[in-house]
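Here are some comments on the structure, set out as numbered points for discussion at the bench.

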Amino acid sequence: MLAVKGPRTVENTLAPYDEAVRQNNSAGYFAGLMEQVHPDATFRDHATTMLTKASAAQTAIALNHDVYAALAAIDLSHADAATKYYVQRQLLEFRLSGVDKDDATRARLKKLNQQSTEEQSMFDRNISDGKKVIDADPSELDGLPKDYIERHKPGPDGKIKITTDYPDAFPIFTFAKSDALRRRLSLAFNTRAYPKNQEVLTSLLKTRYEIATLLGFSNWADYNAADKMMQKGHNIADFIQQVNDASLPLSKREFQMLLAEKKKTDPGATEIWDYERTYLSELVRRSQYDFDSQSVRPYFPFMEVKQGILDTAADLFHVSFQQEQNVPSWDPTVETWLVIDHGKPIGRFYLDMHPRPGKFSHAEMAPVLDGVRGKQLPEAILVCNFPAPTADDPGLMDYGDVQTFFHEFGHLMHHILGGQQQWAGISGISMESDFVEAPSQMLEEWIASPQVLAKFARNYKTGEPIPAELVARANRASAFGRGAWVARQNALSAISYDIYKTKPENVDLDKVTVDDNRNLTLFTPLPDTHMWASFGHLGGYSSAYYTYLWDKVIAEDFFLQFDHNNLLAGDAPMRYRRVVLEPGGSMSANDLVKNFLGRPQSMTALQHWMGEEFDSTSAPKAAGQ
Ligand SMILES: [Zn+2]
């Protein structure tokens, strides 16, 4: 590419550049995947080394001034809109890495970027090393599920050790009748990595502030928003305000229900501590909605759920799926599937769905190859940890597991259907990072549809389809607490924005955290906690934690365009595929949203979603009503 003589064209400059992107991405995707799934620890270590190599190669290109100058010199006068948009995005990314600055500035930026990477990994490491342990009396475990108590036997001193790890801590916050235990654990949980991370986070803020100002931005939040849908920092502040206005009536109504529940044991109560929210919500769900989350599991055996989700996606996106047999892979349970459109393969995906020692322990979709029209089919994988069916156990899934499966499948279809581009760099989910959770959160909503569930959710013993009445109760119970959930997410978004929007010297981490929680949620923060010290997303997402809520607003607006009496009816499914998913990263996501909705997203759909718990008619009638 750099050796080209004469005028720079799409063919002689963009084509080789994009080929480098394609190869680098493939190397990174594959190494990253093997690091997470390969059964052999040595192999995983090799993968980590290769991943570092691949990202070093990517960084080297991103900081190469000659590459930037070559791309900037391309004659785009006859190029199509997607190609123009691609080049414009790449040039923006180059400028955001400072490639057009003088040598001294670039040297300083390089140093600051290294520093920020180190500080961020120190911040993360302090959190993962920051596990705390508290002692509990056996009597304090009253209310916990039997299997939890089985796993937590008292030691020789008669005390039970409870750690701040999620599988240990969340059942306590949800079920423990002992207020004292929940309070003690919450104090431990919200002081993880404190005070260690105080200095680390403060220097990370300083480093990032200097990067932003060297590049001409007034703060890190503005800089970080520049290549996203949000574009400017102050738009984050506006969004937080709008979410607050939209959610406050609902969260107040929920708060009164929680307070009424609390008054049953504490008649004089006027406020609710942060740490009581989960426990009281569970009590309300049981007493007001008569729903026990165990009751739906017999209808969700893994194999039927998998087939049901494939069938649903096939109906929705007008494609079919065909399993490929005897494909070699890192584990015999991994399945390979082709996505067929009009008789032709348009992509391939892998399903690695069950836990294994040494495997990544959450759920995710990861790209495996970027689709390039006429050159390479898009490929993706779901890496999940759902219960595996065995000879005497059908692998019954929780409601939340099934929802997660839909969520990840939404990411997967986005990558495949959006992966039919001319260029690797705008293929699939290579786009503004604050849009990618919208298609996944949209598909999550499909689990609430009795029409969708009726197709596959049958009792594994009797074959009886899931009763519509049970679906309705499950939906209403899972809807309870959405107002408080939104408010909580909004407070976290505000913390993430507020600490990055000003000069680090003026940031008081404790004050920002307490103020945002007090202003945006109705719950009282526990004194002497420092949750920012273990809020890992302050490293990775930095000022962009708003992403999930932002995409939730978009996802709910998308979902309301479908006919809720028959999700597959009308032109919404095909229009959604064509207008939202197929463009991949070939245009701004703000335009994708406008093209589908006919306007920018609004808060109305989110308000409807939050209000479902109080809505006896459950779903709205049809699109736009
Ligand atoms: Zn996701």
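The points below begin with the metal site, move on to helix packing, and end with individual residues.

1. The model is a predicted one, and every value in this note should be read with that in mind. The zinc ion is coordinated by NE2 of His407, NE2 of His411 and two OE donors of Glu437, at distances of 2.1 to 2.8 Å. Along the chain, these donors follow the spacing H-x3-H-x25-E. His407 belongs to helix H14 (residues 399-417) and Glu437 to helix H15 (residues 437-444), so this pair ties together parts of the chain that are 30 residues apart in sequence. Both His407 and Glu437 are buried.

2. The geometry of the site deserves a comment of its own. Ideal angles for four tetrahedral donors at a metal are 109.5 degrees. Around the zinc ion, the four donor atoms subtend angles of 51 to 144°, and the arrangement is irregular because of these values.

3. The two helices that carry His407 and Glu437 also pack against each other, with the axes of H14 and H15 coming within 7 Å and crossing at roughly 135°. H14 and H15 are therefore oblique to each other, and the crossing is right-handed. On the H14 side the contacts involve Gln403, Phe406, His407, Phe409, Gly410, His411 and His414, which meet Glu437, Pro439, Ser440, Gln441, Leu443 and Glu444 of H15. The zinc donors His407, His411 and Glu437 are thus listed among the residues of this contact.

4. H14 has another partner in helix H13 (residues 302-317), whose axis comes within 11 Å of the axis of H14 and crosses it at roughly 40°. That angle makes H13 oblique to H14, and this crossing is right-handed. From H13, the residues in contact are Phe302, Val305, Lys306, Ile309, Leu310, Thr312, Ala313 and Phe317, and they meet Val402, Phe405, Phe406, Phe409, Met413 and Leu417 of H14. Phe406 and Phe409 of H14 appear in the contact with H13 and also in the contact with H15.

5. Helix H7 (residues 166-175) is worth inspecting for its burial, since Asp168, Ala169, Pro171, Ile172, Phe173 and Thr174 in this helix are buried. The elements covering these buried residues include helix H6 (146-151), strand S2 (160-163), helix H8 and helix H12 (277-289).

6. Some backbone details should be checked by eye. Most residues other than glycine have a negative phi, and most peptide bonds are trans. Tyr194 and Pro195 are joined by a cis peptide bond, with omega about 5°, and Pro195 is found in the loop between helix H8 (179-189) and helix H9 (196-214). His318, in the loop between H13 and strand S3 (320-324), has a positive phi near 60°, and counts as partly exposed at 44% relative accessibility. Asn326, in the loop between S3 and strand S4 (335-341), also has a positive phi, of about 55°, and counts as exposed at 78% relative accessibility.

7. Which residue is 89 residues from Gln115 along the chain, with the C-alpha atoms separated by 8.1 Å? The residue is Leu204. Gln115 itself is in helix H5 (residues 103-128) and counts as partly exposed, at 26% relative accessibility.

Definitions and conventions:
Residues are numbered from 1 along each chain as its sequence is written. This is a predicted model: local features need pLDDT of at least 70, side-chain atom pairs count only at pLDDT 80 or more; totals for chains, interfaces and linings use all residues. Side-chain values use heavy atoms; hydrogens and water are left out. Donors are N, O and S atoms within 2.8 Å of the metal (3.2 Å for Na, K and Ca); water is not among the atoms, so sites may look incomplete. Four donors count as tetrahedral if all angles lie between 85 and 135 degrees; four count as square planar and six as octahedral if opposite donors are over 155 degrees apart and all others between 65 and 115; anything else is irregular. Helices (H or I, at least four residues) and strands (E, at least two) are DSSP runs, numbered from the N terminus. Buried means under 20% relative accessible area, exposed over 50%, partly exposed in between (1.4 Å probe, protein chains only). Axes are lines fitted to C-alpha atoms, for helices over the stretch in contact, and angles run from 0 to 180 degrees between N-to-C directions. Angles under 35 degrees count as roughly parallel, over 145 as roughly antiparallel, 65 to 115 as roughly perpendicular and the rest as oblique. A crossing is left-handed if the near helix is turned anticlockwise from the far one by less than a right angle, and right-handed if clockwise. Contact means heavy atoms within 4.5 Å.
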